[in-house]
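Hi everyone, thanks for making time this morning. Let's have the structure up on the screen, and then I'll talk you through it.

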Amino acid sequence: MSQPKPVKAYFVADTHFGAPPDSHKREADFVRWLDMVGADATHLFLLGDIFDFWFSYRYVVPRGFVRVLGKLAELADSGVEIHFFTGNHDMWVFDYMEKELGIKTHTQPTEFEIDGKLFLAGHGDGLTNLNKSYNALKRVFASRLCQRAFAALHPWVGFSIATKWSRSSRRKGKKNKKKQCRPNEMPVFCKAKLNEKHYDYFVFGHRHEVENEMVGQASQYFVIGEWIEHRNYAVFAGGTFEVCDFAAE
């Protein structure tokens with residue numbers, strides 16, 4: 001009887017497939033990374049903004065990302081436990097991942113026990129009330145009325161609007177980053193959650209940075225980077241959590 005594989009969990013976020021520059025190159029690199037992951041992964045966590053935009057139409061599948069979706073389906077079929085978290089760019093995935101690929105979808109930070117350690121993982125946007133205008137906009141996008149109105153648009157029109165919005169949002173984000181006016185609400189959120197119960201690790205994406213700090217006596221907070229300028233990912237194995245760069249390997 002074969003022995004079960006040792007627990008090894010991979011985390012990745014903010015690949016933004018479909019966004020310039022070089023989306024096809026990012027996709028090719030990501031498929032190579034998934035090939036590596038498939039060799040020993042027991043868990044894979046996709047922490048949001050995997051797609052620069054996605055809308056799960058009833059009968060239409062958005063163009064592109066065929067190799068990525070096929071490889072994720074292959075990993076899920078092989079027994080890798082995969083979790084997809086919606087981000088602020090791909091919050092309209094709905095049930096596509098679960099029904100078509102067998103991947104569990106989450107819309108909020110969710111806790112997991114992995115090899116005896118308790119994780120709280122998510123995309124990382126809208127965790128507190130520090131950015132009230134953003135949270136208000138997110139509630140609008142999450143409303144059924146907004147989703148039904150968008151679904152009524154022809155996909156050509158809908159994706160054109162979404163692409164322009166995404167590029168505008170990215171330019172604004174870069175400008176705010178340069179001005180250092182992006183409040184980091186994640187440590188605030190983590191410390192508040194620790195008042196409720198203990199977590200060993202908090203893991204997020206969203207900020208397009210690599211960050212690591214202690215938020216309690218025995219609790220660590222991580223932001224695991226991005227794939228626009230780098231090829232960051234994180235891995236947990238043997239009781240150790242590490243952020244890596246696939247491009248450097």
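Let me start with disulfides: a search of the whole structure turns up 0 of them. For anyone who wants the chemistry, a disulfide is a covalent bond between the sulfur atoms of two cysteines. Two cysteines you can look for on the screen are Cys190, buried with a relative accessible area of 0%, and Cys244, also buried, with a relative accessible area of 14%. Please keep in mind that what you see is a predicted model.

Now to the charged side chains. Side chains of opposite charge can pair when their charged atoms come close. In this model there are 12 salt bridges, and I'd like to show you a few.

Please find helix α2, residues 66-77. Here Lys71 and Glu74 form a salt bridge, with 3.4 Å between the closest N and O atoms. These two are 3 residues apart in the helix, so about one helical turn separates them. How exposed or buried is each partner? Glu74 is partly exposed, at 46% relative accessible area, whereas Lys71 is buried, at 13%.

The next pair is Asp95 and Lys99, whose side chains meet in a salt bridge at 3.1 Å, N to O. Lys99 is exposed, with a relative accessible area of 65%, while Asp95 counts as partly exposed at 37%.

Then there is Glu98 with Lys104, where the closest N and O atoms are 4.0 Å apart. Both ends are partly exposed: Glu98 has a relative accessible area of 38%, and Lys104 has 40%. Beyond these pairs, there is a network: Lys25, Asp29, Arg32 and Arg231 are joined into one by salt bridges that share partners.

Let's go inside now. Which residues touch the most other members of the largest nonpolar core? They are Phe30, Trp33, Leu44, Leu46 and Phe51, out of 34 residues in that core. Several elements give two or more residues to it: the strands β1 (8-12), β2 (43-46), β3 (81-85) and β10 (232-237), and the helices α1 (23-38), α2 and α3 (96-101). The largest share, 6 residues, comes from α2, the helix that also holds our Lys71 and Glu74 pair.

If you click on Phe51, you can trace its contacts outside its neighbours within four places in sequence: His16, Phe17, Phe65, Leu69, Phe84, His89, Asp90 and Met97. There is also a second, separate core of 17 residues, and its members include Phe11, Phe85, Val203 and Phe241.

Last stop, a sheet. Strands of a sheet pair through backbone hydrogen bonds, either parallel or antiparallel. This one is an open sheet of 5 strands, in the order β5-β6-β7-β9-β8, and its pairing is mixed. Which strands stand at the edges? Those are β5 (110-114) and β8 (210-216); each has a single partner strand, so one side of each is left without a neighbour in the sheet. On average, neighbouring strands here are turned by 20° against each other, direction ignored.

To finish, zoom in on β6, residues 117-121, and β7, residues 201-204. They run parallel and are joined by 3 bridges. One residue to look for is Leu120, whose bridge partner in β7 is Phe202.

That's my tour, and I'm happy to take questions.

Terms used: Residues are numbered from 1 along each chain as its sequence is written. This is a predicted model: local features need pLDDT of at least 70, side-chain atom pairs count only at pLDDT 80 or more; totals for chains, interfaces and linings use all residues. Side-chain values use heavy atoms; hydrogens and water are left out. Helices (H or I, at least four residues) and strands (E, at least two) are DSSP runs, numbered from the N terminus. Buried means under 20% relative accessible area, exposed over 50%, partly exposed in between (1.4 Å probe, protein chains only). A nonpolar core is a set of buried Ala, Val, Leu, Ile, Met, Phe, Trp, Tyr and Cys residues joined through side-chain atoms within 4.5 Å. Contact means heavy atoms within 4.5 Å. A disulfide is a pair of cysteine sulfur atoms within 2.5 Å. Two strands pair if DSSP finds at least two bridges between them. Axes are lines fitted to C-alpha atoms, for helices over the stretch in contact, and angles run from 0 to 180 degrees between N-to-C directions.
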